[in-house]
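Colleague: Got a minute to walk me through this one? I'd like to know how the inside is put together.

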Amino acid sequence: MSDIEIRDDRPAGRLEAFAEGQVVGHIEYFVLEEPARALVPVHTIVEPEHEGKGIAGSLARELYGIAAREGVVVAPLCPYVVRWAERHPEEAPAADPELLKAATEWLKAHPGRF
């Protein structure tokens with residue numbers, strides 16, 4: 001998507017897709033520190049008028065790209081990212097089940113975060 005710019009707002013835990021200066025989609029995520037560092041996507045949201053344009057897939061691809069550049073893994077809890085990863089195993093290595101368990105426990109311990 002050449003007309004989409006993706007920006008990582010790490011302090012806010014949002015990977016945002018911009019078009020014409022406005023956010024048209026985002027992935028909400030957190031950074032898990034233990035038992036190993038991982039990016040954990042929780043929700044993927046695309047504005048209704050921008051659905052079907054590949055924005056969610058571009059966001060997922062960039063999240064995995066960021067993780068690869070940082071030398072960490074993605075432990076997806078977001079159903080969309082889980083499905084995207086299953087369709088793109090060459091770009092989205094599977095997360096260790098222990099990381100997924102730890103991510104789920106972190107999310108339960110922080111119910112107001114998402």
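What follows is a short chat about the cores and a helix.

Colleague: Which helix or strand gives the most to the largest nonpolar core?

Modeller: Bear in mind that this is a predicted model. The largest nonpolar core has 24 residues, and Leu 15, Leu 39, Ile 55 and Tyr 64 have the most contacts inside it. Strands E2 (14-19), E3 (22-32) and E4 (38-46) and helices H1 (55-70) and H2 (79-87) each supply at least two of its residues. The top contributor, with eight residues, is H1.

Colleague: And how many residues are in the second, separate core?

Modeller: That one includes Leu 32, Ala 38, Ala 95 and Ala 102. It's separate from the big one, and its count is 10 residues.

Colleague: What do the buried residues of H1 pack against?

Modeller: The buried set in H1 includes Ile 55, Leu 59, Leu 63, Tyr 64 and Ile 66, along with small ones such as Gly 57 and Ala 60. Ile 55 and Tyr 64 are also among those with the most contacts inside the largest core. The packing partners of H1's buried residues are E1 (5-9), E2, E3, E4, E5 (73-74) and H2.

Colleague: How far does H1 reach from its first C-alpha to its last?

Modeller: H1 has 16 residues, and at 1.5 Å a residue you'd expect 22 Å. Just after H1, Gly 71 takes a positive phi of about 70°. The reach in the model is close to that expectation, at 22 Å.

Colleague: Which domain does UniProt place at residues 7-96?

Modeller: Over that stretch the chain is 28% helix and 34% strand, with the end C-alpha atoms 27 Å apart. The UniProt entry is unreviewed, and the feature it places there is "domain: N-acetyltransferase".

Definitions and conventions: Residues numbered from 1 in each chain as written. Predicted model: local features only at pLDDT ≥ 70, side-chain atom pairs only at ≥ 80, totals over all residues. Heavy atoms only, no water. Core = buried A, V, L, I, M, F, W, Y, C linked by side-chain atoms within 4.5 Å. Buried < 20%, exposed > 50% of the residue type's maximum accessible area, 1.4 Å probe, protein only. Helix = DSSP H or I, 4+ residues; strand = E, 2+ residues; numbered from the N terminus. UniProt positions renumbered as here; feature names shortened; annotations may be inferred. Expected span 1.5 Å × (residues − 1). Contact = heavy atoms within 4.5 Å.
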